[in-house]
Amino acid sequence: MKVRAAIPEDAAVVAALWNVMIRETLSTFTTVEKSCAEVQALIETRAATSFVAEKAGQFAGFATFGPFRSGPGYIATVEHTVLVDARQQGAGVGRMLMAELEAAARQLGCHVMVAGISNTNTGAQKFHRRLGFTEVGRMPQVGQKAGQWLDLVLMQKIL
């Protein structure tokens, strides 16, 4: 398995994976699918903080981080997204992507990494706990999707 910097040419496959999650799960509260152009712009904007995992030459996952909130007081805090192809879950893809994200965040002087996770995504919560993240908050019923009210679980890791 290999992790490398994401490039604009990865946008179509990343968008396809992201859109499956948007359409088929409650892991994200959005219902608006990502266009290839949007993902390409994100990768270009976050060139130093976006990564792709490949296994046997095939796309296996994507991860990125960006600002947690605006304002100078939050400059050392970032929020991340990790997407792993369903066929690759449990194979170490997410762990490798997170290691790359954390290394990049440390190199950029970041102090805290935040994960915002749907309460329905217990697998992501367990995954983050195994990586040293701690649940620091739960915001009841702040999201709505598929006729359900969803909680946002906030987890963080001090780098």
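The count of aromatic pairs in this predicted model comes to 2. One of them joins Trp 18 and Phe 62. The ring centres are 6.0 Å apart, and the planes meet at 45°, so the pair is classed as tilted, the class for angles that are neither under 30 nor over 60 degrees. The pair links distant parts of the chain. Trp 18 belongs to helix H1 (residues 11-24), and Phe 62 belongs to strand E3 (residues 58-67). The two are 44 residues apart. Both partners fall below the 20% cut-off for burial. Trp 18 has a relative accessibility of 10% and counts as buried. Phe 62 is buried too, at 0%. Trp 18 has a further partner: Lys 34 lies over the face of its ring, 4.8 Å from the ring centre.

Stay with E3 for a moment. Gly 66 has its place in this strand. Gly 66 is buried, because its relative accessibility is 7%, under the 20% limit. Which residues does Gly 66 touch, once neighbours within four places in sequence are left aside? They are Arg 46, Val 78 and Glu 79. For Val 78, the C-alpha separation from Gly 66 is 5.4 Å, across 12 residues of chain.

Next comes the loop that leads into E3. Ala 56 is found between E2 and E3. Its phi is positive, about 55°, although Ala 56 is not a glycine. Ala 56 is exposed, with a relative accessible area of 78%.

Now turn to helix H2 (36-45), which comes after H1 and the loop holding Thr 28. Val 39, Leu 42 and Ile 43 are the buried residues to look for in H2. Why do they line one face of the helix? Seen down the axis of H2, they fall within an arc of 95°, so they share that face. An α-helix has 3.6 residues a turn, so residues three or four places apart point the same way. The other side of H2 carries Ala 37 and Thr 45, which are exposed. What covers the buried residues? The cover includes H1, strand E2 (50-55) and E3. H1 is also the helix that holds Trp 18, and E3 the strand that holds Phe 62.

Go back to the loop between H1 and H2, where Thr 28 lies. Is Thr 28 buried or exposed? Thr 28 counts as buried, at 16% relative accessibility. A polar atom of its side chain lies 3.5 Å from the backbone nitrogen of Thr 30. Beyond its neighbours within four places in sequence, Thr 28 is in contact with Met 21, Ile 22 and Lys 145. Met 21 and Ile 22 fall within the residue range of H1. Lys 145 falls within the range of strand E6 (134-145).

That contact leads to the other end of the chain. Ala 146 lies in the loop between E6 and E7. Like Ala 56, Ala 146 has a positive phi of about 55° without being a glycine. Ala 146 is exposed, with a relative accessible area of 65%. Gln 148 is found in strand E7 (residues 148-158). Gln 148 is partly exposed, because its relative accessible area of 35% lies between the 20% and 50% limits. With neighbours within four places in sequence left aside, Gln 148 is in contact with Leu 26 and Gly 143. Leu 26 is 122 residues away along the chain, yet the C-alpha atoms of Gln 148 and Leu 26 are separated by 9.1 Å.

Helix H3 (residues 93-107) remains. How does its span compare with what its 15 residues should give? At 1.5 Å a residue they should span 21 Å, and the end C-alpha atoms are 21 Å apart, which agrees. The buried residues of H3 are Val 93, Gly 94, Leu 97, Met 98, Leu 101, Glu 102, Ala 104 and Ala 105. They cover an arc of only 165° around the axis, which puts them on the same side of H3. After H3 comes Gly 109, whose phi is positive, near 85°.

Terms used: Residues are numbered from 1 along each chain as its sequence is written. This is a predicted model: local features need pLDDT of at least 70, side-chain atom pairs count only at pLDDT 80 or more; totals for chains, interfaces and linings use all residues. Side-chain values use heavy atoms; hydrogens and water are left out. Helices (H or I, at least four residues) and strands (E, at least two) are DSSP runs, numbered from the N terminus. Buried means under 20% relative accessible area, exposed over 50%, partly exposed in between (1.4 Å probe, protein chains only). Contact means heavy atoms within 4.5 Å. Rings of Phe, Tyr and Trp (its six-membered ring) pair if their centres lie within 6.5 Å; planes under 30 degrees apart count as stacked, over 60 as edge-to-face and the rest as tilted. A charge sits over a ring if NZ of Lys or CZ of Arg is within 6 Å of the ring centre and within 35 degrees of the ring normal. The expected span of a helix is 1.5 Å times one less than its number of residues. The arc is that of the directions from the helix axis to the C-beta atoms. A polar contact is a pair of N or O atoms within 3.5 Å; within protein, one must be able to donate a hydrogen and the other to accept it, and residues adjacent in sequence count only if both atoms are side-chain atoms.
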